[in-house]
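Subject: Structure handover

Hello,

Here is the structure I promised to pass on. Please open it alongside this email, and my notes on it follow below.

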Amino acid sequence: MSGTFTKAMARNVFYGGTVFFFLLFLALTLDTTKALPKTDNRHNITADVAAGKHIWETRNCLGCHTLLGEGAYYAPELGNVYKRRGPDFIKAWMMAQPTGTPGRRQMPNFHLSDEELDQLIAFLKYASEINTQNWPPNIEG
Ligand code: HEC
């Protein structure tokens, strides 16, 4: 009887599908474990980067900004701001807040010392060097 879907056929589809997707899962897992070490830049973590991360966390920059796409969407993405703007701009920007420009969203002044600004910039430089495989796709978030 052609056209009948037998129990044996259903079993084969089940086992065949299970084996196929299990092998696919193994292949993708292997691919990921081979690709990940190439994106590792942990050796770039200096004392300044760690201190900058602490400033980043305690001032809640993520409350308004995103870092690598993660965070709040009130203000621009900062994971790549070091590459987009450079250290001098970032320093001047932090000191010039709030701008008071009518119609623009405002950012508070965090009154960071020169040393703290350098640490924050070291952290943003580190973040900009993470290989995110071009994420987020929109560079200003
Ligand atoms: C209350 C919200 C808020 C917080 C908190 C905040 N920012 Fe901002 N930030 C903004 C806004 C809004 C802008 C964009 C203003 C504009 O374009 O006029 C901005 C812009 C920036 C820029 C310039 C971005 C660009 O693409 O030119 C940098 C750098 C920056 N913020 C760093 C920080 C850092 C570092 C922290 C934490 C220490 C922080 N911000 C915390 C609101 C915030």
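**Ligand contacts**

The side chain of His65 has an N or O atom 2.8 Å from a nitrogen atom of the ligand. Keep in mind that this is a predicted model. Two further side chains make polar contacts with the ligand. Arg84 places a polar side-chain atom 2.8 Å from a ligand oxygen atom. Trp93 has a polar side-chain atom 3.4 Å from a nitrogen atom of the ligand.

**The shell around the ligand**

The ligand has 21 residues around it. Those that come nearest are Cys61, Cys64, His65, Arg104 and Met107. What is the make-up of the shell by class? There are 13 nonpolar residues, three polar and five charged.

Two helices deserve a look here. α3 covers 81-85 and α4 covers 87-96, and each supplies at least two residues of the shell. Which element gives the most to the shell? That is α4, with three residues.

**The largest pocket**

The ligand takes up the space of the largest pocket. The volume of this pocket is about 680 Å³. Its lining counts 29 residues, and the closest to the pocket centre are His65, Ala75, Pro76, Trp93 and Met107. You will recognise His65 and Trp93 from the ligand contacts above. Met107 also appeared earlier, among the residues that come nearest the ligand.

Three helices each give at least two residues to the lining: α3, α4 and α5, the last at 114-128. Here too α4 gives the most, now with four residues. By class, the lining divides into 17 nonpolar, seven polar and five charged residues.

**The second largest pocket**

This one holds about 200 Å³ of space. Its lining is made of 13 residues. Nearest its centre lie Asn80, Ser128, Ile130, Thr132 and Trp135. Six of the lining residues are nonpolar, five are polar and two are charged.

**The annotated domain**

UniProt, in an unreviewed entry, places the feature "domain: Cytochrome c" at residues 47-128. In the model, the end C-alpha atoms of that span lie 17 Å apart. The span is 51% helix and 5% strand.

**Two backbone details**

Two spots in the loops are worth checking on screen. Where is Pro98 found? Look in the loop between α4 and α5. A cis peptide bond joins Pro98 to Gln97, with omega at about -10 degrees.

The other spot is Leu68. Leu68 is found in the loop between β1 (66-67) and β2 (70-71). Its phi is near 55 degrees, a positive value in a residue other than glycine.

**Where to start**

I would begin at the ligand. Find His65 and Arg84, each with a polar side-chain atom 2.8 Å from a ligand atom. Then follow α4, which gives the most to the shell around the ligand and the most to the lining of the largest pocket. Finish with the loop that holds Pro98 and the one that holds Leu68.

Best wishes

Technical notes:
Residues numbered from 1 in each chain as written. Predicted model: local features only at pLDDT ≥ 70, side-chain atom pairs only at ≥ 80, totals over all residues. Heavy atoms only, no water. Near = heavy atom within 4 Å. Polar contact = N/O pair within 3.5 Å; in protein donor to acceptor, adjacent residues only side chain to side chain. 1 Å grid on protein atoms, 1.4 Å probe; cavity = no way out; pocket = protein on both sides within 12 Å on 5 of 7 lines; lining within 4 Å. Sits in = over half its atoms within 2 Å of the grid points. Nonpolar A, V, L, I, M, F, W, Y, C, P; charged D, E, K, R; others polar. UniProt positions renumbered as here; feature names shortened; annotations may be inferred. Points joined across faces, edges and corners; volume = space filled by probe spheres on them.
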